[in-house]
Amino acid sequence: MKRFIIAFIAAYIFMFLWGWLLNGVLLKDVYAETPNLWRSQSEMMSLFHWIIIGQALVIFAFVMIYACGFAGGGAAAGIRLGILLEIAAIGMRLAIYAVQPFPGKLIVYGSVSGLIEMVIVGAIVGAIYKPASARTS
Amino acid sequence: MNWQKFFTAFMAAFIFLFVFGFLWYGTLMRGAHEEVQALFRTKPDFPWLILGHIVMAFFFTTLCVRFVPAGGLGASATLGILVGLVYAGPHLISFAVQPLTTKILCGWIVGAVIQFAIAGAIVGAIYKPAHPRPVRS
């Protein structure tokens, strides 16, 4: 349980900082190209707790998958889990792109950064959490 | 890896994900989506929608087969629920940054969890390894 919490907190801190750097700084100009798709800055700030809860849910479910022994053990297993989850998420992003008028480059940047993010999240969780019993080798 | 079963499971997962998506998001939630028309394309871009579902189904099937190598409906459905929660997190984040309604948010989250739980059960029911590996305790 202790390692579960430490893995969760470490991965969450990384995801929060990565999300801020990517969406709040690096991709700011790309988001500005489609202002009609986004809430105003003040509205976003008033709903900021949903960003925190959303990121926490991603990390909690990720660590749960890992802790349940589905992925095996070690950083490599965490990275494998991160890659598979993220590539499936890229499929979801393409489906969202099909129905929402996002700029194509936002989908590309989001997918590349998402892959990097989940690889690092997987490495962090895999390095910290040691499952008592793994279902696979 | 039992490739024949894998391919059958992948095809079944793809068909289910696509049909469920059409029914849940395209039909049941149509009214909710029409409340914020500016956020959606007038017509879905079908090539991207199909490609997205193929990618999603392929890597979700890989995830189930890789992490639940012995197959089985229950374990794969559990993995599906956790994967659904991983993908529900970004919906919460989208709600904070896009002018979506709470009705849409709830529909997307419930939809993701149900969709991947059933997809996991389908993959688990279909995929059986050629030579089952013993479960490590």
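**Core, contact and crossing in a predicted model**

Modeller: This is a predicted model. Its largest nonpolar core has 73 residues. Those with the most contacts inside this core are A11(A), F62(A), V125(A), A13(B) and F60(B).

Colleague: Which elements give two or more residues to this core?

Modeller: In chain A, they are helix 1 (2–26), helix 4, helix 5 and helix 6 (104–128). In chain B, they are helix 1 (3–28), helix 3 (46–67), helix 4 (73–97) and helix 5 (102–126). Helix 4 of chain B gives the most, with 13 residues.

Colleague: What makes A11(A) and V125(A) a contact?

Modeller: The cut-off is 7 Å between C-beta atoms. A11(A) is in contact with V125(A), and also with I59(A), V63(A), V121(A) and I124(A). That leaves aside neighbours within four places in sequence.

Colleague: Why are helix 1 and helix 3 of chain B called oblique to each other?

Modeller: Their axes cross at roughly 130° and come within 9 Å. Roughly perpendicular ends at 115, and roughly antiparallel starts over 145. The angle fits neither class, so the two helices are oblique. The crossing is right-handed.

Colleague: Which classes of residue make up the contact of these two helices?

Modeller: It has 13 nonpolar, three polar and no charged residues. G21(B) is one of the residues on the helix 1 side. Gly counts as polar, so G21(B) falls in that class.

Colleague: How many residues does each chain bring to the contact between chains A and B?

Modeller: Chain A brings 40 and chain B brings 41. On the side of chain A, the largest share is 13 residues, from helix 5 of chain A. That side divides into 30 nonpolar, eight polar and two charged residues.

Terms used:
Residues are numbered from 1 along each chain as its sequence is written. Chains are lettered from A and ligands numbered from 1 in the order in which they are written. This is a predicted model: local features need pLDDT of at least 70, side-chain atom pairs count only at pLDDT 80 or more; totals for chains, interfaces and linings use all residues. Two residues are in contact if their C-beta atoms, placed from the backbone, lie within 7 Å. Helices (H or I, at least four residues) and strands (E, at least two) are DSSP runs, numbered from the N terminus. A nonpolar core is a set of buried Ala, Val, Leu, Ile, Met, Phe, Trp, Tyr and Cys residues joined through C-beta atoms within 7 Å. A residue is buried if 20 or more other C-beta atoms lie within 10 Å of its own, exposed if 12 or fewer, and partly exposed in between; C-beta atoms are placed from the backbone. Axes are lines fitted to C-alpha atoms, for helices over the stretch in contact, and angles run from 0 to 180 degrees between N-to-C directions. A crossing is left-handed if the near helix is turned anticlockwise from the far one by less than a right angle, and right-handed if clockwise.
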